[in-house]
Amino acid sequence: MGRVALVTGGTRGIGESICVGLKEQGYDVVANYGGNDQAAAEFSERTGIDTIKFDVSDFDAVAGGIKQIEESKGPVEVLVNNAGITRDGTMHKMNFEQWNQVIQTNLSSCFNTCRAVIEGMRKREFGRIVNIGSVNGQAGQYGQVNYAAAKSGIHGFTKALAQEGAAKGITVNAIAPGYVETDMVRAVPQPVLDKIIATIPVGRLGQPEDIARAVLFLVADDATFITGSTLSINGGQHMY
Ligand code: CAA
């Protein structure tokens, strides 16, 4: 078996595509999920990939989940922080819960997972971390102060951790997807989504595979000189 790879939010959407791509490349993949048992069971049946349930926003649950993976499969050498939620709403209507859930799930989760794997990666002098940001973390988005702040935070987090890992064989990169055809984007009201699609020069939503192929590129063993970068994959919507 190849290197152990953990993908958070790995059983649906972009995460599923990343898991399948990694498996095809020979990685020993584990897909984390937070709540949807049925989707996870269907995913496992479809792909043959193991799943593990824990809440990425819960520091202790993450530590426990990663310990369990490492005891059964070996050290996590590839980590893809993909789990994310939206709680959209304009600032004047947003409550603290909407703010906090998004910050904890989308941003604090990266601290929780990275903290659990970083010491092992440093000791072994190898690690590949990819954090999934967003075009909306780069450009902002009406109705998403919480999400844009969390995703923008991911981009800063990536650059700081990349500096710390560089001398230890650990690369840390971010991908900033644009609007990709997933349940999350399908939940945007159609008239709003139509207006957004009109701003994408390629003229369509992205596909999960458009993101997965970049993850494979960044986590490769020989991708040793790419660190601290943010790869924008958004059909030309925002050139940053
Ligand atoms: N810029 C300026 N004004 C805007 C605007 C925009 N982008 N979008 C809406 N408005 C205006 C509307 O025209 C409207 O103005 P009037 O009252 O004068 O007509 C006003 O703002 C209120 O708009 P809504 O009726 O839409 O307000 P709402 O409170 O019902 O809904 C919202 C607000 C929930 C944020 C809704 O606009 C929405 O869902 N927007 C989409 C947010 C979005 O893109 N989310 C991305 C989810 S996917 C994702 O996040 C993945 C990723 O990484 C890319």
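## A buried cysteine and a small cavity

Let's start inside the protein, at Cys110, which is buried because its relative accessible area is 1%, and buried means under 20%. The model you are looking at is a predicted one. Cys110 belongs to helix α4. Along the chain, 30 residues separate Cys110 from Gly140, and the C-alpha atoms of these two residues are 20 Å apart.

Cys110 also helps to line the largest cavity, together with residues including Thr8, Val56, Asn106, Ser109 and Ile154. How many cavities of 30 Å³ or more does the structure hold? The count is 1, and the space in the largest cavity is about 30 Å³. Helix α4 is the element that gives the most to this lining, with 3 residues. Sorted by class, the cavity lining has 5 polar residues, 4 nonpolar ones and no charged ones. How can such a space be found? Rolling a probe the size of a water molecule over the atoms shows where empty space is left.

## Around the ligand

Now let's turn to the ligand. Which residues come nearest to the ligand? There are 18 residues around the ligand, and Lys93, Ser134, Tyr142, Tyr147 and Tyr179 come nearest. By class, this shell is made up of 9 nonpolar, 7 polar and 2 charged residues.

Three side chains are worth finding in the 3D view. The side chain of Ser134 has an N or O atom 2.7 Å from an oxygen atom of the ligand. For Tyr147, the distance from a side-chain N or O atom to an oxygen atom of the ligand is also 2.7 Å. For Tyr142, the distance between such a side-chain atom and a ligand oxygen is 2.3 Å. On its own, the ligand has 1,100 Å² of accessible area, and the protein covers 57% of that. Two elements, α7 (183-186) and α8 (190-197), give two or more residues each to the shell around the ligand.

## The largest pocket

Next come the pockets. The largest pocket holds about 1,200 Å³ of space. Which residues are closest to the centre of this pocket? Out of 49 lining residues, they are Gly84, Ile85, Thr86, Tyr147 and Met184. You have met Tyr147 already, as one of the residues that come nearest to the ligand.

Several elements contribute at least two residues each to the lining of the largest pocket: the helices α1 (13-24), α5 (135-139), α6 (145-165), α7 and α8, along with the strand β2 (28-33). By class, this lining divides into 23 polar, 20 nonpolar and 6 charged residues.

## The second largest pocket

The second largest pocket contains about 200 Å³ of space. Among the residues that line this pocket are Phe111, Cys114, Arg115, Phe157, Leu161 and Ile170. Helices α4 (96-124) and α6 each supply at least two residues of the lining. In this lining, 7 residues are nonpolar, 3 are charged and 1 is polar.

## A contact between two helices

Let's follow one contact that joins two residues far apart in number. Ser17 sits in helix α1, while Glu209 sits in helix α9, which covers residues 208-219. A polar atom in the side chain of Ser17 lies 3.4 Å from the backbone nitrogen of Glu209.

Is Ser17 buried or exposed? Ser17 counts as buried because its relative accessible area is 10%. Glu209, at 49% relative accessibility, counts as partly exposed, because exposed means over 50%. Glu209 can also be compared with Gly120: the two are 89 residues apart along the chain, and 30 Å separates their C-alpha atoms.

## Two more places to look

Glu125 is found in the loop between α4 and β5 (127-132). What is notable about the backbone here? Glu125 has a positive phi of about 55 degrees, although it is not a glycine.

A last stop is Gly64, in helix α3, which spans residues 59-73. Gly64 has a relative accessible area of 36%, so it is partly exposed. The C-alpha atoms of Gly64 and Ser229 are 30 Å from each other, and 165 residues separate the two along the chain.

Methods
Residues are numbered from 1 along each chain as its sequence is written. This is a predicted model: local features need pLDDT of at least 70, side-chain atom pairs count only at pLDDT 80 or more; totals for chains, interfaces and linings use all residues. Side-chain values use heavy atoms; hydrogens and water are left out. A residue is near a molecule or strand if one of its heavy atoms lies within 4 Å of it. A polar contact is a pair of N or O atoms within 3.5 Å; within protein, one must be able to donate a hydrogen and the other to accept it, and residues adjacent in sequence count only if both atoms are side-chain atoms. Accessible areas come from the Shrake-Rupley method with a 1.4 Å probe; for residues, only the protein chains shown count as cover. Helices (H or I, at least four residues) and strands (E, at least two) are DSSP runs, numbered from the N terminus. Ala, Val, Leu, Ile, Met, Phe, Trp, Tyr, Cys and Pro count as nonpolar, Asp, Glu, Lys and Arg as charged, and the others, Gly among them, as polar. On a 1 Å grid over the protein atoms alone, a cavity is a set of points where a 1.4 Å probe fits but cannot get out, and a pocket is an open set with protein on both sides within 12 Å along at least five of seven lines; lining residues have an atom within 4 Å of a point. Grid points are joined across faces, edges and corners, and a volume is the space filled by probe spheres set on the points. Buried means under 20% relative accessible area, exposed over 50%, partly exposed in between (1.4 Å probe, protein chains only).
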